[in-house]
Amino acid sequence: MKITDILSRDLILPKLEAKTKAEVLGELAKALASKHPEIDLDDLTAVLGERERLGSTAIGDGIAIPHGKLRGVTRIIGAFGRHREGVDFESLDGNPSQLFFVLVAPEDSASLHLKALARVSRLLKDNSFRDKLLSAEAEDELFRLIKDEDAKY
């Protein structure tokens, strides 16, 4: 599985405007729902919010990977967002989250969902790669960086 199987260039959001965790989830959910007509925005927002209530998906180092399973989705899809200032996402390390990769999987997927989470986590754990993502200017550059880094694995 490659990240580019999950993420398309038009679901790269380089300038998230949200100020709170709930607003970040809403902004990412809205982007996904706008590109995938099978997704109901309210359902996706509820699924992502419910997952966050179980425990924050912010894993530290400025990274959050909100995720959930949704009826009607036939394959794993995702969106990437960046917030240069950072948002309090109740991270394990207490620091604001700046890089967000949301994953939405079909209700009946278990192993693929976990593989996608592991792949995104491994990709974003590299300090120099995160720095490149934070300094990139446009969607195209962000997409190219993600694609090139993903090709290494």
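**Loop residues, buried polar sites and core of the predicted model**

With a relative accessibility of 72%, L92 counts as exposed, because the threshold for that class is over 50%. The structure described here is a predicted model. L92 is placed in the loop that runs between β5 (77-87) and β6 (97-106). Outside its own sequence neighbourhood of up to four places, L92 touches A58 and I59. The C-alpha atoms of L92 and A58 are 6.6 Å apart in space, although 34 residues separate the two in sequence.

The loop between β5 and β6 also holds E90. Phi of E90 is near 55°, a positive value in a residue other than glycine. E90 has a relative accessible area of 54% and is therefore exposed. A positive phi also occurs at D61, where the angle is near 60° in a residue other than glycine. D61 belongs to the loop between β2 (58-60) and β3 (63-64). With a relative accessible area of 40%, D61 is partly exposed.

E90 is also one of the residues touched by K21. K21 lies in helix α2, which comprises residues 21-35. At 12% relative accessibility, K21 counts as buried, since the limit for burial is under 20%. When residues up to four places away in sequence are not counted, K21 touches E52, S56, V87, D88, F89 and E90. H36 is located in the loop between α2 and α3 (41-54). The relative accessible area of H36 is 11%, so H36 is buried. The contacts of H36, again without residues up to four places away in sequence, are with L11, R75 and I77.

In soluble globular proteins, nonpolar side chains tend to be buried together. In the present model, the largest nonpolar core has 49 residues. The residues with the most contacts inside this core are L32, F80, F101, L103, L133 and I146. For F101, with neighbours within four places in sequence left aside, the contacts include I3, I6 and L7. Further contacts of F101 are made with A64, I65 and P66, with G78, A79 and F80, and with V120 and L124. F80 thus appears both among the core residues with the most contacts and among the contacts of F101.

At the level of the whole chain, six helices and six strands are present. Their order along the sequence follows the pattern α-β-α-α-β-β-β-β-β-α-α-α. The radius of gyration of the protein chain is 14 Å, close to the 15 Å given by the globule rule for 153 residues, so the chain is as compact as a globular protein of that length. Taken along the principal axes, the C-alpha atoms fill a box of roughly 35 × 30 × 25 Å. Of the 153 residues, 48% are buried. Among contacts with a separation of 6 or more, 69% are between residues 24 or more positions apart.

The accessible surface of the protein chain comes to about 7,600 Å². Carbon and sulfur atoms account for 50% of this surface. The chain carries 23 positive and 27 negative charges, and the mean positions of the two sets are 5 Å apart.

Definitions and conventions
Residues are numbered from 1 along each chain as its sequence is written. This is a predicted model: local features need pLDDT of at least 70, side-chain atom pairs count only at pLDDT 80 or more; totals for chains, interfaces and linings use all residues. Side-chain values use heavy atoms; hydrogens and water are left out. Helices (H or I, at least four residues) and strands (E, at least two) are DSSP runs, numbered from the N terminus. Buried means under 20% relative accessible area, exposed over 50%, partly exposed in between (1.4 Å probe, protein chains only). Contact means heavy atoms within 4.5 Å. A nonpolar core is a set of buried Ala, Val, Leu, Ile, Met, Phe, Trp, Tyr and Cys residues joined through side-chain atoms within 4.5 Å. The radius of gyration is taken over C-alpha atoms; the globule rule is 2.2 Å times the number of residues to the power 0.38. Accessible areas come from the Shrake-Rupley method with a 1.4 Å probe; for residues, only the protein chains shown count as cover. Lys and Arg count as positive and Asp and Glu as negative; His and the chain ends are not counted. The place of a charge is taken as NZ of Lys, CZ of Arg, CG of Asp or CD of Glu.
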